[in-house]
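Let's take a walk through this structure together, one helix pair at a time. Have the 3D view open and follow along.

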Amino acid sequence: MATRKNLVVDRTGLGHKVRYALAHPQRVPGHLRRAGRDRWLAFKHRDHVSYYRAVMASDTRRDPRAAVGSPTYGQWLALGRLQFDYLREHGLTPGSRVLDIGCGNLRAGWHLISYLEPGHYYGIDISPDILIAAKRTLTEHGLQAKLPHLTLTQDLTLDFLPEHHFDVVHAHSVFSHSPLTVIDECLAHVGRVLAPGGFFDFTFDRTTATEHQVLREDFYYRTETLVSLAARHGLHARFMDDWELRGHAQSKIRVTAAAPAPAHDAAAHR
Ligand SMILES: C[S@@+](CC[C@H](N)C(=O)[O-])C[C@H]1O[C@@H](n2cnc3c(N)ncnc32)[C@H](O)[C@@H]1O
């Protein structure tokens, strides 16, 4: 199933806003409430992480699952499964050591924790409220014996983590809520914690036109911007074409310390 992504629209344009409001009049009051709340939070919290933490506190108070983007339990389960299945099909093994950046309330995390060897899952997040919800998910799924790590963070320097430790670093629907400075910080430091042969998968909201953001909550980037940002930090970034077929609204990039070796060309050796 492929998602129909609108890759060319600039959501900040007046024309788009009017067209959208006419097509979805029932969403207008909710959007206006959100815009009002976000203005107030942005006024109180000038730096992005503090602002987004306040957004998460407000959203999590209402509903932790909706706060990570899944309004129903069924959607929450399905999106966690989607992330987990993709990782399993792309290199994850029970022995992998996984760093889940922006782990939320363990939508994918509980699958990972259940599958991985004890102590191999490390989730970090900027929101204390969602981490409390994460502990609840952990308890509800009876995963205490897996001893996962759940840690609050203020930045993505990853300085408290050991060198070359993680086979898999994962950030689903985190850079879609991040300005470029946050992504740059992460890419500047992720190479240090990646194990040899490890990879960093992240999703992003993609545009092929003008990069833009909505309410400082949703950020739209061109693939080239993120690929060249990774290259500036000595990392190789690859657009994951097959993720596009999974029906998710965001796109995915895989980052590795070095470019993967070219496929073995048997014909060349004949
Ligand atoms: C849409 S939720 C996705 C959660 C989880 N990855 C999932 O797919 O269920 C985004 C999460 O990223 C966290 N987050 C946002 N910016 C972050 C940052 N700079 N560092 C760490 N976590 C961040 C939010 O607090 C939130 O829990």
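Which residues in α3 meet D129, I130 and A133 in α7? On the α3 side they are M56, A57 and T60. Please keep in mind that this is a predicted model.

**α3 and its partners**

The axes of α3 and helix α7 (residues 128-140) come within 8 Å and cross at roughly 40°. That makes α3 oblique to α7. The residues of this contact of α3 with α7 fall into four nonpolar, one polar and one charged.

Helix α3 (residues 48-62) also packs with helix α2 (residues 28-44), where the axes come within 9 Å and cross at roughly 140°. The two count as oblique rather than roughly antiparallel, because that second label is kept for angles over 145 degrees. In this pair, α2 passes α3 in a right-handed crossing. If you would like to find the contact on screen, look for R37, D38, L41, A42 and K44 of α2 and for Y51, A54, V55 and S58 of α3. By class, the contact of α2 with α3 has five nonpolar, one polar and three charged residues.

**A pair further along the chain**

Next come helix α8 (residues 180-193) and helix α9 (residues 223-232), which pack at an angle of about 40° with their axes 9 Å apart. That angle makes α8 oblique to α9. Here, too, there is a right-handed crossing, with α8 passing α9. From α8 the contact takes I183, D184 and L187, and from α9 it takes L226, L229 and A230. The residues of the contact of α8 with α9 are five nonpolar and one charged, with no polar residue.

Here are the three pairs in one place:

| Helix pair | Axis angle | Axis distance |
|---|---|---|
| α2 and α3 | roughly 140° | within 9 Å |
| α3 and α7 | roughly 40° | within 8 Å |
| α8 and α9 | about 40° | 9 Å |

**Around the ligand**

How many residues surround the ligand? There are 24, and the closest are G102, G104, R107, S127 and S173. Which element gives the largest share of this shell? That is α3, with three residues. Both α3 and β2 (121-125) supply at least two residues of the shell. By class, the shell around the ligand divides into 13 nonpolar, nine polar and two charged residues.

**What the record says**

For residues 99-200, UniProt lists "domain: Methyltransferase type" in an unreviewed entry. In the model, the chain over residues 99-200 is 33% helix and 25% strand. The end C-alpha atoms of that stretch are 9 Å apart.

To retrace the tour, you could start again at α3: this helix packs with α2, meets α7 and gives three residues to the shell around the ligand.

Note on methods:
Residues numbered from 1 in each chain as written. Predicted model: local features only at pLDDT ≥ 70, side-chain atom pairs only at ≥ 80, totals over all residues. Axes fitted to C-alpha atoms, helices over the stretch in contact; angles between N-to-C directions. Helix = DSSP H or I, 4+ residues; strand = E, 2+ residues; numbered from the N terminus. Parallel < 35°, antiparallel > 145°, perpendicular 65-115°, else oblique. Left-handed = near helix turned anticlockwise from the far one by under 90°. Contact = placed C-beta atoms within 7 Å. Nonpolar A, V, L, I, M, F, W, Y, C, P; charged D, E, K, R; others polar. UniProt positions renumbered as here; feature names shortened; annotations may be inferred. Near = placed C-beta within 6 Å.
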